[in-house]
Amino acid sequence: MKFALKTLLVATLAMSSTLVLAHDHGQNSAVAQAVKSSERNTERDQYRHPVETLAFFGLKPTMTVVEIAPGGGWYSEILAPVLKEQGTYYAAHFPADSSVGYYQRSLAGFKQKVAEDERFSKVKITEFAPSTHLDIAPAGSADMVLTFRNVHNWYMSKDKDAAANAFKSFYKALKPGGTLGVVEHRLPEAQADEMQKSSGYMKQSVVIELAKQAGFELAASSDINANSLDTADHPKGVWTLPPSLRLGEQDAAKYKAIGESDRMTLKFKKPL
């Protein structure tokens, strides 16, 4: 009898594992299909690992997801088609009333994508700025909030205050149990804190603390987007590296060989 029960338990666990793997494979297939689309530029995939990153965060096609400051839409070209049929995708873009020329041009370009590109036809555009526009989605409506390489911008504008406002906004938008996914350029902990004000790099400990102060719990971290070749001490900060290459042709081969920045990849949860 004990042997029979043990055999039944093992078989049940094996079946459960198979079902979970099949379910995960289905989710990853939707992302992989979007990533492989001939309509997007795949050149940066080798540095940004979108399939692995979104799998780590736990993206599902049925979720309500908010992407913060999508810019030109690099990740949007993956998220929009994945969420189009069964989920909801909010693009929390620059405010329409911004006086910054770059913000206006970026927003106009994104709106054009939404109007003309079938992949973007169901995208909902909201506004985000860490000091003035914080209603990125209806309160408690989102399963996931994602921010890619943005925290340094908020920190550089008003130190911790703007960044703290941003994380509070994410917390408000998420459902209890919802996920916040953060990818950010990583400054070594031994470097001076002052470097965060100009280099484009952030200390992982600072980002984690900002999230915790907003109420989040750190669920997991990953080195999916780590780059051991990046020393984070370049003449023009993170923008010395690709894709910006702010030094132009000066030492371009050197910086191209390094590739894009070393990045932290952090998954936070809003407590139930």
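Helices and strands here are DSSP runs, with helices at least four residues long and strands at least two, numbered from the N terminus. With that naming, A232 sits in the loop between β7 and α8. Everything below comes from a predicted model.

**Figure 1. The whole chain, before we zoom in, has eight helices and eight strands.** Out of its 272 residues, 49% count as buried. Look at contacts between residues at least 6 apart in sequence, and 73% of them turn out to join residues at least 24 apart. The chain exposes about 13400 Å², and carbon and sulfur atoms supply 54% of that area.

**Figure 2. The largest pocket holds about 1100 Å³ of space.** It is lined by 42 residues, and those closest to its centre are F94, Y102, R149, N150 and N153. Strands β1 (64-68) and β2 (88-93) each chip in at least two lining residues, as do helices α5 (101-116) and α6 (151-173). The top contributor is α6, with five residues. Sorted by class, the lining comes to 21 nonpolar, 15 polar and six charged residues.

**Figure 3. F128 and W154 form one of the aromatic pairs, of which the count is 13.** Their ring centres are 5.5 Å apart and the planes meet at 70 degrees; since anything over 60 counts as edge-to-face, that is the label this pair gets. The two come from distant parts of the chain, 26 residues apart: F128 is in the loop between β3 (124-127) and β4 (142-148), while W154 belongs to helix α6. Both F128 and W154 are buried. Zoom out a little and ring pairs link F128, W154, F167 and F170 into a cluster.

**Figure 4. R149 and A232 both have a positive phi.** As background, most residues other than glycine have a negative phi. For R149, phi is near 55 degrees. You'll find R149 in the loop between β4 and α6, and this is the R149 listed among the residues closest to the centre of the largest pocket. Its relative accessible area is 18%, and the cut-off for buried is under 20%, so R149 counts as buried. For A232, phi is near 60 degrees. A232 is also buried, at 2% relative accessibility.

**Figure 5. P242 and P243 are joined by a cis peptide bond.** Most peptide bonds are trans. Here omega is about 5 degrees. P243 lies in the loop between β7 (217-222) and α8 (252-258), and the loop between β7 and α8 is where A232 sits too.

Key
Residues numbered from 1 in each chain as written. Predicted model: local features only at pLDDT ≥ 70, side-chain atom pairs only at ≥ 80, totals over all residues. Heavy atoms only, no water. Buried < 20%, exposed > 50% of the residue type's maximum accessible area, 1.4 Å probe, protein only. Contact = heavy atoms within 4.5 Å. Areas by Shrake-Rupley, 256 points an atom, 1.4 Å probe, with all protein chains shown as cover. 1 Å grid on protein atoms, 1.4 Å probe; cavity = no way out; pocket = protein on both sides within 12 Å on 5 of 7 lines; lining within 4 Å. Points joined across faces, edges and corners; volume = space filled by probe spheres on them. Nonpolar A, V, L, I, M, F, W, Y, C, P; charged D, E, K, R; others polar. Phe/Tyr/Trp six-rings, centres within 6.5 Å; stacked < 30°, edge-to-face > 60°.
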